[in-house]
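The paragraphs that follow walk through a predicted model, beginning with pairs of charged side chains and moving on to helices, loops and the nonpolar interior. Please keep the sequence and the structure side by side while reading.

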Amino acid sequence: MPTITAFESSPDRGKGHARDMRVRWALEEVGQPYDVRLLSFATMKQPAHRALHPFGQIPTYEDGDLTLFESGAILLHIAERHDGLLPKDANARSRAIAWMFAALSTVEPSIVELSMAMLLERDRSWYAERLPMLQDRVRTRLGELSRRLGKADWLDGAFSAGDLMMVTVLRRLNTSGLLDEYPDIAAYVARGERRPAFKRAFEAQLAMFNAAARS
């Protein structure tokens, strides 16, 4: 049974934005049981964890003699070894993987920058001037994604690892109001959140956060 690592006390307070959520969801989609090892912020920076993740972050993935870090690499490993997240057709499979990279490399950076500014820079003198610029960068990506998605349910045919990664990236905008400007993208995210595997992963992550908060 693979073991993943997660925050002992997640900074998102159980909203499912931490990156272990992507891995949990993937494992639930393919029906692979897994264990979770919770880490404090201090433990994440210790040599034992840095041996698994050189940057002292989560998640990590351990299965037998294999250890992986970076959520994208872990998700791709899971998708390649189980049915359900990558198409059988070689070209469609490659396109699904391309959407994974697009979510991480093209869409996520501007969303994370906006999220961090809203979280950490509200009291800075430059915040009011900088915020519209950050929001417009996100709008640019959402507009491009909206044009590509059109009226389809998923990015390229059936649900794939590309959609799983994209939905987890876009969920960071749930409280920003920006998704409301793109109803098709908001509906796309909602479709992902309605998947039974997502619900199981979310509930598992939330239960661990609540248990840690009570202890």
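A search of the whole structure finds 18 salt bridges, and a few of them make a useful way in. Side chains of opposite charge can pair when their charged atoms come close. One such pair is Asp 20 with Arg 24, whose closest N and O atoms are 2.6 Å apart. Both residues belong to helix α1, which covers residues 20-30, and they are separated by 4 residues, about one turn of the helix. Asp 20 is buried, with a relative accessible area of 2%, and Arg 24 is likewise buried, with a relative accessibility of 1%; since buried is taken to mean under 20% relative accessible area, both partners of this bridge qualify.

A residue from another part of the chain also touches this pair. Gln 205 sits in helix α9, residues 196-214, and counts as buried because its relative accessibility is 6%, which is under the 20% cut-off. Leaving out residues up to four places away in sequence, Gln 205 touches Gly 16, His 17, Ala 18, Asp 20, Met 21 and Arg 24, so that both partners of the α1 salt bridge are among its contacts.

A second bridge has another setting. The side chains of Glu 62 and Arg 37 meet with an N to O distance of 2.7 Å. Because Glu 62 lies in strand β3 (residues 60-63) and Arg 37 in strand β2 (residues 35-39), this pair ties together parts that are 25 residues apart in sequence. Glu 62 is partly exposed at 22% relative accessibility, and Arg 37 is partly exposed at 33%.

A third bridge joins Arg 148 to Asp 156, where the closest N and O atoms are 3.7 Å apart. Arg 148 has a relative accessible area of 41% and is partly exposed, as is Asp 156 at 24%. Elsewhere among the charged residues, Glu 113, Glu 121, Arg 130 and Arg 137 are joined into one network by salt bridges that share partners.

Helix α6 deserves a closer look. This helix runs over residues 127-149, a length of 23 residues, and reaches 32 Å from its first C-alpha to its last, close to the 33 Å expected at 1.5 Å a residue. Its buried residues include Tyr 127, Leu 131, Leu 134, Val 138, Leu 142, Leu 145 and Leu 149, and also Gln 135, Gly 143 and Ser 146. The buried residues of α6 pack against α5 (90-120), α7 (161-170) and α8 (183-194). After α6 comes Gly 150, which has a positive phi near 60 degrees.

What lies in the nonpolar interior? The largest nonpolar core has 56 residues, and those with the most contacts inside it are Leu 85, Leu 142, Met 166, Leu 170 and Tyr 188. At least two residues of this core come from each of β1 (3-7), α1, α4, α5, α6, α7, α8 and α9, and α5 gives the most, with 10 residues. Leu 170 illustrates the packing: apart from its neighbours within four places in sequence, this residue is in contact with Val 107, Ile 111, Leu 142, Leu 145, Leu 179, Ile 185, Tyr 188 and Val 189. A second, separate core has 5 residues, including Phe 7, Ala 18, Leu 39 and Met 44.

Helix α5 also has a nonpolar side chain at the surface, for Leu 119 is found in this helix and, at 60% relative accessibility, counts as exposed. Together with Met 116 and Leu 120, Leu 119 forms a nonpolar surface patch with about 310 Å² of accessible area.

Two points of backbone geometry complete the tour. The peptide bond from Ile 58 to Pro 59 is cis, with omega near 5 degrees, and Pro 59 is found in the loop between α3 (47-50) and β3. Glu 70, although it is not a glycine, has a positive phi of about 80 degrees; this residue belongs to the loop between β4 (66-69) and α4 (71-81) and is partly exposed, with a relative accessible area of 39%.

How values were computed. Residues numbered from 1 in each chain as written. Predicted model: local features only at pLDDT ≥ 70, side-chain atom pairs only at ≥ 80, totals over all residues. Heavy atoms only, no water. Salt bridge = Lys/Arg side-chain N within 4 Å of Asp/Glu carboxyl O. Buried < 20%, exposed > 50% of the residue type's maximum accessible area, 1.4 Å probe, protein only. Contact = heavy atoms within 4.5 Å. Expected span 1.5 Å × (residues − 1). Patch = residues over 30% accessible without salt bridge, like charges linked within 9 Å, V, L, I, M, F, W, Y side chains within 5 Å. Areas by Shrake-Rupley, 256 points an atom, 1.4 Å probe, with all protein chains shown as cover. Core = buried A, V, L, I, M, F, W, Y, C linked by side-chain atoms within 4.5 Å.
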